[in-house]
Structure formats: C-alpha cells, structure tokens
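Reader: I should like to go through the assignments made for this structure and hear the grounds for each. Please set each value against its criterion.

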Amino acid sequence: MVRRALVLHVFVFAFVLPLWFAQPAAQGRQNGPPSTPPASNLRVLTPDVNLLKVMTTFNAALGVQCTYCHVAADRDFANDGNPKKEIARNMLRMLKQVAMRFSDSGNDFLNSRYLPFPEGKQYVTCYTCHRGSVQVVSAVPDPHGPERAPEPGSPPPAGGRGGRGAPAAAGNQPAGRAAPPPDLPPGRGVQQHMNMVYLPQNTDTFLVMPAFRAAIGVECNFCHVFGERLERGHADERHLDDNPKKRIARSMIGMLKDINTALFPHENIDIVFAASSIVPDGKRYVTCYSCHRGTHLPLSEPPPVTKAN
C-alpha cells in the first residue's frame with residue numbers, strides 16, 4: 001500500500017500539477033495582446049489569399065514597410081485613411097488586367113493568388129516594374145540602342161547609328177506626294193506605314209523601333225518577318241503579321257495605351273512617346289522600358305541572393 005501511494009504521489013507531482021499550474025498561464029496568454037485580426041475591408045484581394053505572403057512581396061517589390069500604404073496607428077490595416085492604399089488597389093486591378101490580357105502565355109493569374117509562380121510563368125508582378133523602388137523607371141537610358149547597321153535602303157544616320165533622326169529612304173516616300181516640310185510634329189515622320197493598329201501611320205519608326213530594341217534587348221527580326229535582304233537582324237517584310245511576336249508586341253502597345261489612360265486620365269499622352277520609352281521630366285508614364293529593362297522576358301521577382309564562398 002505504501003509503495004502504491006508513493007507511486008500515486010509521484011504521478012501527481014510529475015504530470016497533474018504541471019498541467020494545473022499551466023492553465024493560468026495559458027489563460028494569461030489568451031487575455032494578453034490580441035493576435036492579428038482577420039482581414040476585412042478587402043476590395044480587390046479575396047479572403048482566401050495568403051495576405052502575409054502577398055504583403056511581404058509588396059514590401060520587397062517597392063522597398064517599403066507596411067505603413068507606406070496603411071495607417072500606422074494601432075496597426076489598423078483595414079483603415080482607408082492612407083491615400084496610398086487606394087493607389088495600391090488600383091495597381092492590383094491593373095496587374096490583373098495585364099495578366100489576363102496574355103492568358104495564352106502560360107500565365108495562370110487566377111490561381112496564382114497574386115504570388116509569382118516558382119516556375120516563372122507569371123511574368124508580370126509588382127516587382128516587374130518597381131524593382132525594389134517606389135518610383136518606376138520609365139525612360140530608356142539610350143533610346144538608340146546598341147550599334148547596328150542602318151535599315152535596308154536607308155543611308156546611315158550621322159555617327160553611324162540606327163537611332164532617331166535618320167533620313168527616310170526615298171523608296172518609302174508616299175507615291176505622288178512631295179516630301180513634307182522638315183518641321184514635322186515630334187514623333188511623326190515622312191513615311192506612311194501599312195498595317196498600323198495603335199501607332200499612327202506616320203509614326204517616325206526611326207524613333208520608335210530603335211527604342212524598342214533598346215528597351216527589350218532584341219533585333220528587328222525578333223518581331224518582324226525577315227526576307228532575302230536580312231542583314232544583322234533587319235527585317236524587310238515589316239508590314240507582315242506572320243511572326244506571332246509582332247502580334248504580342250502590338251498588344252503590348254495597346255496595353256501601354258490603356259494603362260496610361262487609366263493611371264493618368266486627365267493627361268493627353270502621345271502613344272508614340274510612351275512606346276519609345278520617352279517621358280517628360282517629372283512624369284511617371286508606363287513605357288516598354290518600365291517592365292523590360294533591356295530584356296525580352298521581364299523579371300517577376302527579385303533574383304536569388306548568392307552567398308559568397
């Protein structure tokens with residue numbers, strides 16, 4: 001009996017009492033500082049989104065902390081008192097429209113829950129344009145692009161570069177018309193181009209096309225069909241739509257027009273200059289260079305950090 005009682009006491013002291021004393025501590029934790037409240041006041045994001053992961057990607061993409069868009073007092077994330085929060089909502093709406101515009105490119109935006117896929121299929125995210133900064137870079141550093149030969153049939157411009165201001169080929173002058181005076185409107189040339197959709201027919205392609213090359217890091221035959229006169233990347237059948245990348249590029253220009261119209265509804269933005277990655281001082285228009293930064297596949301998330309040996 002004594003031995004059995006001793007075993008019982010040992011059991012009580014070893015197992016029951018610790019649980020008993022632990023109950024007030026657990027109750028104290030429950031009555032302590034409240035945990036993060038459930039999400040509310042969602043206008044674009046849906047409740048099934050992993051908000052913690054999404055907000056973490058926002059922080060990395062813009063290089064900011066939560067209080068940049070949210071009201072700092074009492075961590076009231078549902079509060080709409082900070083005007084930057086509504087701007088962020090509009091950015092999310094734009095992100096969705098951009099992603100849905102290219103649904104056939106392997107992008108599954110609806111199932112991504114606003115997070116980049118690890119296999120890289122979602123090409124457009126907040127990081128694509130912001131790259132760790134609140135201010136988006138719009139202007140391409142060198143709109144001429146790298147050194148290259150002149151367009152077929154055209155004399156090389158001054159300095160031997162295929163940039164803006166190159167004289168138009170005589171064979172491209174409108175039939176039966178005299179050349180227009182030299183004081184053409186900015187961004188407009190003497191050519192009348194065929195098969196234009198979003199750009200005007202008299203777009204100065206000696207301004208726009210080199211800027212495309214510089215912004216995307218490709219040659220003309222990346223988007224255009226080339227023929228027998230192909231030379232160092234030139235494409236002499238430029239009016240044809242047989243290359244599917246030309247249709248994608250055309251859709252990109254239309255997207256640029258839609259985005260800038262939505263972001264800056266009270267400003268008359270010339271699509272020729274937006275497509276050429278040229279913006280006036282003090283403006284933050286979206287251009288080809290904003291996303292591409294010299295490569296045809298934009299980044300969707302920060303590159304992995306490599307550790308030094």
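Author: A residue is called buried when its relative accessible area is under 20%, exposed when over 50%, and partly exposed in between. Please note that the model is a predicted one.

Reader: Why is cysteine 291 called buried?

Author: The relative accessible area of cysteine 291 is 17%. The cut-off for buried is under 20%, and cysteine 291 is therefore buried.

Reader: What makes cysteine 66 partly exposed?

Author: Cysteine 66 has a relative accessibility of 32%. Partly exposed covers the values between 20% and 50%, so cysteine 66 counts as partly exposed.

Reader: How do you know that the sulfur of cysteine 291 is not bonded to that of cysteine 129?

Author: A disulfide requires two cysteine sulfur atoms within 2.5 Å. The closest cysteine sulfur to that of cysteine 291 belongs to cysteine 129 and is 3.1 Å away, which is too far for a bond.

Reader: Why is cysteine 66 without a bond to cysteine 69?

Author: The sulfur of cysteine 69 is the closest cysteine sulfur to that of cysteine 66, yet the two are 9.1 Å apart, so the distance is too far for a bond. The search of the whole structure finds 0 disulfides.

Reader: Which secondary structure elements does the chain contain?

Author: The chain has 9 helices and 0 strands.

Reader: How do you know that the span of helix 3 agrees with its number of residues?

Author: Helix 3 comprises 19 residues, 83-101, and at 1.5 Å a residue should span 27 Å; the end C-alpha atoms are 28 Å apart, which agrees. At the start of this helix, a side-chain oxygen of asparagine 82 lies within 3.0 Å of the backbone nitrogen of lysine 84.

Reader: Which residues of helix 3 are buried, and what do they pack against?

Author: The buried residues are Lys85, Arg89, Leu92, Leu95, Val98 and Ala99. They pack against helix 2 (51-62), helix 4 (109-112), helix 5 (126-130) and helix 7 (244-263).

Reader: What makes the span of helix 7 agree with expectation?

Author: The 20 residues of helix 7 should span 28 Å at 1.5 Å a residue, and the end C-alpha atoms are 29 Å apart, which agrees. The buried residues of helix 7 include Lys246, Arg250, Ile253 and Leu256. Their cover includes helix 3, helix 6 (205-216), helix 8 (271-275) and helix 9 (288-292).

Reader: What percentage of the residues of the chain count as buried?

Author: Of 309 residues, 33% count as buried.

Terms used
Residues numbered from 1 in each chain as written. Predicted model: local features only at pLDDT ≥ 70, side-chain atom pairs only at ≥ 80, totals over all residues. Heavy atoms only, no water. Helix = DSSP H or I, 4+ residues; strand = E, 2+ residues; numbered from the N terminus. Expected span 1.5 Å × (residues − 1). Buried < 20%, exposed > 50% of the residue type's maximum accessible area, 1.4 Å probe, protein only. Contact = heavy atoms within 4.5 Å. Polar contact = N/O pair within 3.5 Å; in protein donor to acceptor, adjacent residues only side chain to side chain.
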